[in-house]
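Biologist: I would like to learn how to read the charged side chains in a model like this one. Could you walk me through it?

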Amino acid sequence: MFRSRSKDEKAPTDKVTADLSTKQPRDPEAPKGRPTPKRSEAQTQRRRAATVPTDRKEAAKRQREARRSDLARQREALASGDERYLPARDKGPVRRFVRDFVDSRFAIAEFFLPMAVVILVLSLFGNANRGLQNISLLLWLGVIILIVIDSIGIWIRLRKQLNERFPNESKRGAIAYGLMRTLQMRRLRLPKPQVKRGERP
């Protein structure tokens, strides 16, 4: 009640003065503490802000479109052999060499499906004819033995070539990848063969 008012009166005045000093316009010559962005960067930022979807439906739609375009590029790459858009299991120089190694040779396993159809037809007629049934069983056994022998030969030669050409690269799963490719008919293989028969990679 008998307290001096000089201090209480000075405090609000000082506060107002400080507020006014902070709200004063910045000197245009003074540095602003950050570099001015280039025009191209500013345009990119504005474009990115404009293209960000604002709702879930729009975001899901764009994701579907992006996935569809990726799959289309992947299909084209499987047909043309373009390394940039191939699936992960087909990428790399090791896998490319394995494909070329397999595609440049005849493999008994690639004729497995047509021979299986012939043997199946013979076995169907074999129900009425015991001789045809025995022939179909022998053919089936012979085809399996030939495929196993040929696959062992491919496995040995392919492993040797991979060790010589790619001594410092990972070859995990490469031989199995090549043997699975031999089971497909040449015209149905994906990625499409890039070498001719007899043309060594």
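Modeller: Gladly! Helices here are DSSP runs of H or I, at least four residues long, numbered from the N terminus. With that in hand, Arg105 can be placed in the loop between helix 4 (93-103) and helix 5 (112-125). Keep in mind that this is a predicted model.

Biologist: What is the nearest side chain of opposite charge to Arg105, and how far away is it?

Modeller: Side chains of opposite charge can pair when their charged atoms come close. For Arg105 the nearest such side chain is Asp150, 8.4 Å away, and Arg105 is buried yet has no salt bridge. Its side chain does make a polar contact with the side chain of Ser104, at 3.1 Å.

Biologist: How many salt bridges are there?

Modeller: The count comes to six. One of them joins Arg89 and Asp90, at 3.2 Å from N to O. Asp90 counts as buried because its relative accessible area is 0%, under the 20% cut-off.

Biologist: Which residues are linked in a network of salt bridges?

Modeller: Asp103, Glu110, Arg181, Arg189 and Arg197. Within this network, Glu110 meets Arg189 at 3.7 Å, N to O. That pair links distant parts of the chain, with Glu110 in the loop between helix 4 and helix 5 and Arg189 in the segment after helix 7 (174-182), 79 residues apart. Glu110 also forms a salt bridge with Arg197, where the closest N and O atoms are 2.8 Å apart. Here the partners are 87 residues apart.

Biologist: Are Arg189 and Arg197 buried or partly exposed?

Modeller: Arg189 is buried, at 0% relative accessible area, whereas Arg197 is partly exposed, at 29%.

How values were computed: Residues are numbered from 1 along each chain as its sequence is written. This is a predicted model: local features need pLDDT of at least 70, side-chain atom pairs count only at pLDDT 80 or more; totals for chains, interfaces and linings use all residues. Side-chain values use heavy atoms; hydrogens and water are left out. Helices (H or I, at least four residues) and strands (E, at least two) are DSSP runs, numbered from the N terminus. Buried means under 20% relative accessible area, exposed over 50%, partly exposed in between (1.4 Å probe, protein chains only). Lys and Arg count as positive and Asp and Glu as negative; His and the chain ends are not counted. A salt bridge is a side-chain nitrogen of Lys or Arg within 4 Å of a carboxyl oxygen of Asp or Glu. A polar contact is a pair of N or O atoms within 3.5 Å; within protein, one must be able to donate a hydrogen and the other to accept it, and residues adjacent in sequence count only if both atoms are side-chain atoms.
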